[in-house]
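This report introduces one protein structure to a reader who has not met it before. The sequence and the structure are shown first.

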Amino acid sequence: MNYRKATIDDIQILARYRKQQLIDEGLPLNANMNIDKDLSDYFISSISNGSLISWLAEDNGKIIATSGICFYQLPPTFSNPTGRVAYITNMYTLPEYRKHGIASRLLKLVVDEAIKLEYKLIRLHASDDGKSIYSKIGFVDTDGYMAMRL
């Protein structure tokens, strides 16, 4: 198993797995089901400008799992005076590779990115299947999203 950061060359697989993740989570499909260009544009822009860092897992050269952490700014609060927030997204593992610790390893890699960049708050929305992975490393369920203070 090889873990590496995604590059612009990985845009198509990131977009494809993101779309599959949305479908697997049961999000309603609509007439705008073809979001491929929007996803590609997002990943190109966000990886290029550093507002998204994505880690991938490869098995014999095949990308089998993705993760991502994006960064944004909110107005400062008493508990987060910088207003800077990291948001975990795009956690997806091909079904045949699940329950092997791959998502946990990718999660640690993206959390380490937030620590390295000195973020104090990480948020995410978790599927029912994913909650246990996040809880194991310290995320707690709060008001519709899970969060971990660093």
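The sections below describe salt bridges, helices, the largest pocket and certain loop residues.

## Basis of the report

The structure is a predicted model. The values in the following sections were computed from that model.

## A salt bridge between two strands

A search of the whole structure yields ten salt bridges. One of them joins Glu-58 to Arg-4, with 3.0 Å between the closest N and O atoms. This pair connects distant parts of the chain, for Glu-58 belongs to strand β2 (residues 52–59) and Arg-4 to strand β1 (residues 2–5), 54 residues apart.

The two partners fall into separate accessibility classes. Glu-58 has a relative accessible area of 14% and is therefore buried, since buried means under 20%. Arg-4 has a relative accessibility of 23% and so counts as partly exposed.

## Salt bridges within helices

Lys-37 forms a salt bridge with Asp-41, and their closest N and O atoms are 2.7 Å apart. Both residues lie in helix α2 (residues 36–49), where four residues, or about one turn of the helix, separate them. Lys-37 is exposed because its relative accessibility is 59%, the cut-off being over 50%. Asp-41, with a relative accessible area of 37%, is partly exposed.

A salt bridge also pairs Lys-116 with Glu-113, the closest N and O atoms being 3.4 Å apart. Here both residues belong to helix α3 (residues 102–116) and are three residues apart, about one turn of the helix. Lys-116 is exposed at a relative accessible area of 56%, whereas Glu-113 is buried at 5% relative accessibility. Elsewhere, Arg-4, Asp-10 and Glu-58 are joined into one network by salt bridges that share partners.

## Helix α3 and its end

What span should the 15 residues of α3 have at 1.5 Å a residue? The expected span is 21 Å, and the end C-alpha atoms of α3 are 21 Å apart, so the two values agree. The expected value is 1.5 Å times one less than the number of residues in the helix.

The buried residues of α3 are Ile-102, Ala-103, Leu-106, Leu-107, Leu-109, Val-110, Val-111, Glu-113 and Ala-114. Just after α3, Glu-118 adopts a positive phi of about 65 degrees.

## Residues of helices α1 and α2

Leu-22 is located in helix α1 (residues 11–24). When residues up to four places away in sequence are not counted, Leu-22 touches Leu-27 and Ile-35. The C-alpha atoms of Leu-22 and Asn-90 are separated by 9.4 Å, although these residues are 68 residues apart along the chain.

Ser-46 is located in helix α2. With a relative accessible area of 5%, Ser-46 is buried. Neighbours within four places in sequence aside, Ser-46 is in contact with Ser-51 and Leu-52.

## The largest pocket

The largest pocket has a volume of about 870 Å³. Its lining comprises 31 residues, of which Met-91, Ser-127, Asp-129, Gly-130 and Ile-133 are the closest to the centre of the pocket.

Which elements each supply at least two residues of this lining? They are α1, β4 (84–93), α3 and α4 (131–136). The largest share comes from β4, which supplies seven residues. By class, the lining has 13 nonpolar, eleven polar and seven charged residues.

## Positive phi values in loops

Asn-60 is not a glycine, yet it has a positive phi of about 50 degrees. Asn-60 lies in the loop between β2 and β3 (62–73). The relative accessible area of Asn-60 is 78%, so this residue is exposed.

Lys-99, also a residue other than glycine, has a positive phi near 70 degrees. The position of Lys-99 is in the loop between β4 and α3. Lys-99 counts as exposed because its relative accessibility is 82%.

Key
Residues numbered from 1 in each chain as written. Predicted model: local features only at pLDDT ≥ 70, side-chain atom pairs only at ≥ 80, totals over all residues. Heavy atoms only, no water. Salt bridge = Lys/Arg side-chain N within 4 Å of Asp/Glu carboxyl O. Buried < 20%, exposed > 50% of the residue type's maximum accessible area, 1.4 Å probe, protein only. Contact = heavy atoms within 4.5 Å. 1 Å grid on protein atoms, 1.4 Å probe; cavity = no way out; pocket = protein on both sides within 12 Å on 5 of 7 lines; lining within 4 Å. Points joined across faces, edges and corners; volume = space filled by probe spheres on them. Nonpolar A, V, L, I, M, F, W, Y, C, P; charged D, E, K, R; others polar.
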